[in-house]
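These notes are meant for a colleague who is opening this structure for the first time. Please keep the sequence and the view side by side while reading the points below.

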Amino acid sequence: MIERFFQGVIDSYHHRFVSRRLILAIDLAIVGFSFIAAAILRFNFDFSEIDWSVYRYYLLVLVLVRWGCFLSFRSYHGIVRHTSLEDAGLILQTVTASSLTVVLISSLAAYLSSVSVLYIPISVLLIEYFICLFLMIASRFFVKSMYIDITSNNPRTTSQDVIIYGAGELGILTRNVLLKDPQRGYNILCFIDDNPTLAGKSVAGLRVLNRETVVEEYLRKDADNTEVILAIQNIHQSSQKKILEFFLQKNILIKVVPASNDWLEGTLSSEQIRKIRIEDLLKREPIRLNSLHLQEEINDKVVVVTGAAGSIGSEIARQLVHYAPQKLVLIDQSESGIYDLEFELRNDYANLTGKTKLIAVVADITDEGRMRRTFALHCPQIVYHAAAYKHVPLMERYPYEAAKTNVLGTEIIANLSVEYRAEKFVFVSTDKAVNPTNVMGATKRLAEMYVQGLNSNLLHHTNLIITRFGNVLGSNGSVVPLFKRQIQSGGPVTVTHPDVIRYFMTIPEACQLVLEAGAMGQGGDVFVFDMGEPVKIVDLARRMIQLSGLAADRDIEIAYTGLRPGEKLFEELLSEGETHTATHHPKIMIARLSAVSFQTIREAISELRSILSTGDRDSIVSLLKAVIPQYVSKNSEFEKLDHLEENLTDTA
C-alpha cells in the first residue's frame, strides 16, 4: 500500500523537487516529536512526573534554537532523493550546534535568575539529541531508498549486465549513476580491481574480483550480453592500454568513463560513458609542458598562425589562447574554416580570449603583397607557419600547387618574418620530407632547406626553427576518419598494402610539442618528435572494425588497393647520415642535418618560380629531383624522370 502510494507520487512528480519549506517544516516536526519522546523516556513513561506546563516552554526554546540553526546551516536545502554522507554530516553539525546552544542558554538563564525551573534537564536534551539526529538522517535515507527502489522497478527499455573495472571512488560513483538511470536498467554483476588486497572482498554490496576470474565466471559464455566499464581515476595510459588490449584480445568490448573535467556541467551521467575509440589505444602518456616557459614566450606577444583553419593550425590556435597573447592573427584562405575557428575561439574559449585580440584574415600565403600588408599592419613577434598542401596522392597530380604553396609560400612567410623582425619563425614540416618519394614530401624538404639556409646565412633578429613529425590522428586526410566512414557504410575498408606502417600521434600532442619546440628552439634548430611505436595500418583497420562491434573479414571486408602514387611502406624522421641529440624534453630531439648552400637553394627557388609560370609538371618535378638527390619517386608517373636521369648518367 505504502509502496503503491509512493509509486504514484514519484510517477507524478519525479521531475519536480520537494519545497525547502516543506522539508524545514518536517524537520521542525521531528524536533517536536523527539523532545516529547525524550521526556517520556526520561521519566520511564510516567506521565505524572512531567510538568507539561513547563516543558512546553522548554520545547518552544528548543524549536526556536533549532529553527535558527537550520536556517544558518541550510541543512534543509539538499535534494532528499540525492541524500549523501555529506548531507548527513551537515545535519550532524546542525543538530550538535543547536543542542549545545540550548544547553548554554538554559544554563545561563538558570544561573542568572537563580530559578531552577528555567534549566532544561541535560538528560532530556541528550536523549532528544540522539532521537532527533537519528530521525532527521534516517528519514532522508528512507525517502532516498524508496525512490531508488520504486524507480528501479519501473519498466525500462532494456536491461544490461555490467561489470565495472575499478572499485575505487569513480567505480562506486559509476555504479550509483547506472542504478539511477531512469531509462535503462542495469544489473551490476561485480567489480574488477587489480589491487590484490581487495580480491574477494565486497564494495558497495558487490564482489571484487580479478580480471581472470571475471572472464571465467561471467564473460566466457555471455560476453556478447555483458558490458565492461573502465572507471579508474588518473590511470596511466600504458596501464589503460594493457587493460583495453586484454579484453579486446578476447573479443570483449569495453567502455570508459570520461575524465571528470569532461563531465557535462561537472556531473557524470550514463550517457557520457562511451565506447573506446582507436585514439584510446594509440595515445600515450600526457605530455608535460614547461608552462612557465611557454607563458613567458607567448604572453602579451603578437602571434601569427598560417594555415589556421587546418587540423594543426587550428589546434595551435586553441592552445595559444591559454597563454594570453596580446593579439592572435589567424591566416587561411578557407573562409568557412577560418570563420568556424574564430567563432569557436570567441565562444568556447571566451574566458581566455577576453585577454587576447583575435583577428581572422582570409588570404593566400602565396600572395606576397597581401602578406606584406598583413605583416606591416600587425608586426608579429612569433610566427607559426602551418599552411601547406599535405595530401600525397593529390599533390602527385598537382605539383604546381604543391610547389607554389609549400615552397614559395614558405619563402614569403619566412622572408617577411625576418624583414619585420619577428623573434621566432616556427615551420611545421613532416616526416615525408625525409628521403621523399612524392612531390609533397619533396616540396616540404625544399622549404626546410630554404628555412635552414636563411637562418645560417643572414645576420638577423629572427630565430628560424623547423619541427618535423609524422601522421596525426583525425587530421584532414588521415586514415582514421576514412576507416570510420567505410565501416559505417558497411565496408570494404581499403588498405593500400598489408605491410604499410605509420607513426601516429594525436593532434593536441603534436601541437603541444610544436609550441614547446618553438619555445626552446634557437635559430637553425630542426626538431624531430618521438612518435612512439609504428603501427601497421592493416592492424589499425582490424582494431577499428572490432571496436565497432564487428568482425574483420566476416562483417567488414578489408580490401588491398595497392600503394597510392608517391606512397612508401614506412616513414622516417631522419635521412641517412643525419643524427639527433636529446633535449631537456624526453619527446623532442634536435636533428643534425647536413649543411646546405643557401645560394644554391635561392637560385633553385628562383628557377622554380620561372618554371611555375609555364605550368610544366615534369619540369617542376625535375627541378625538385635536381636539388634534392634523395627524392626518388615511388608508384608515381614521375618515376620516368628518375630513369631518365639514370640513363643520362650512364651515357655520360
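1. A convenient place to begin is Ala 324, which counts as buried because its relative accessible area is 15%, under the 20% that marks the limit for that class. Ala 324 is found in the loop between α11 (311–320) and β9 (327–332), and its phi is near 50°, a positive value in a residue other than glycine. Most residues other than glycine have a negative phi, and the backbone at this point may therefore be worth a second look in what is a predicted model.

2. As for the whole, the protein has 652 residues, of which 49% count as buried, and its secondary structure comprises 23 helices and 22 strands. Among the contacts with a separation of 6 or more, 76% are made by residues 24 or more positions apart.

3. A positive phi, again in a residue other than glycine, is also found at Phe 45, where the value is near 65°. Phe 45 lies in the loop between α2 and α3, and with a relative accessible area of 58% it is classed as exposed, because the class begins over 50%.

4. The two helices on either side of that loop deserve a point of their own. The axes of α2 (residues 20–42) and α3 (residues 52–73) come within 10 Å and cross at roughly 145°, and the crossing is right-handed. On the α2 side the contact includes Leu 24, Asp 27, Leu 28, Val 31 and Phe 35, while on the α3 side the participants include Trp 52, Tyr 55, Leu 59, Arg 66 and Phe 70. By class, the contact of α2 with α3 has 15 nonpolar, 1 polar and 2 charged residues.

5. Which residues does Asp 27 touch, leaving aside those up to four places away in sequence? They are Phe 70, Tyr 76, Met 136 and Arg 140. Asp 27 has its place in helix α2, and it counts as buried because its relative accessible area is 1%.

6. Arg 140 can be followed from there into helix α5 (residues 122–153). Its relative accessibility is 7%, so Arg 140 is counted as buried. The side chain of Arg 140 reaches the backbone oxygen of Met 136 at 3.3 Å. Not counting residues up to four places away in sequence, Arg 140 touches Ile 23, Asp 27, Ser 75, Tyr 76, Val 80, Thr 83 and Ile 91.

7. Further along the chain, 7 strands form an open sheet with mixed pairing, in the order β3-β4-β2-β1-β5-β6-β7. The edge strands, each of which pairs on one side only, are β3 (202–203) and β7 (274–275). Strand β3 is joined by 2 bridges to β4 (residues 206–209), and these two run antiparallel; Ser 202 has Arg 207 in β4 as its bridge partner.

8. How is strand β1 placed with respect to the rest of the structure? Since 5 of its 7 residues are buried, β1 is largely enclosed by the rest of the structure. It pairs with β2 in the parallel sense over 7 bridges, with Ser 159 standing opposite Gly 185 in β2. β1 also pairs with β5 in the parallel sense, there over 5 bridges, and the bridge partner of Tyr 165 in β5 is Leu 230.

9. A helix should be viewed together with this sheet. Helix α6 (residues 169–179) lies across β1 (159–165), β2 (185–192), β3, β4 and β5 (226–230), and it runs at about 165° to β2.

10. Two sites later in the sequence complete the list. The peptide bond from Gly 491 to Pro 492 is cis, with omega near 0°, and Pro 492 is found in the loop between α18 (479–488) and β15 (493–495); most peptide bonds are trans. Met 589 lies in strand β22 (residues 588–592) and is buried, with a relative accessible area of 18%. Although Met 589 and Asp 525 are 64 residues apart along the chain, their C-alpha atoms are separated by 9.8 Å.

Note on methods. Residues numbered from 1 in each chain as written. Predicted model: local features only at pLDDT ≥ 70, side-chain atom pairs only at ≥ 80, totals over all residues. Heavy atoms only, no water. Axes fitted to C-alpha atoms, helices over the stretch in contact; angles between N-to-C directions. Helix = DSSP H or I, 4+ residues; strand = E, 2+ residues; numbered from the N terminus. Left-handed = near helix turned anticlockwise from the far one by under 90°. Contact = heavy atoms within 4.5 Å. Nonpolar A, V, L, I, M, F, W, Y, C, P; charged D, E, K, R; others polar. Buried < 20%, exposed > 50% of the residue type's maximum accessible area, 1.4 Å probe, protein only. Polar contact = N/O pair within 3.5 Å; in protein donor to acceptor, adjacent residues only side chain to side chain. Pairing = 2+ DSSP bridges.
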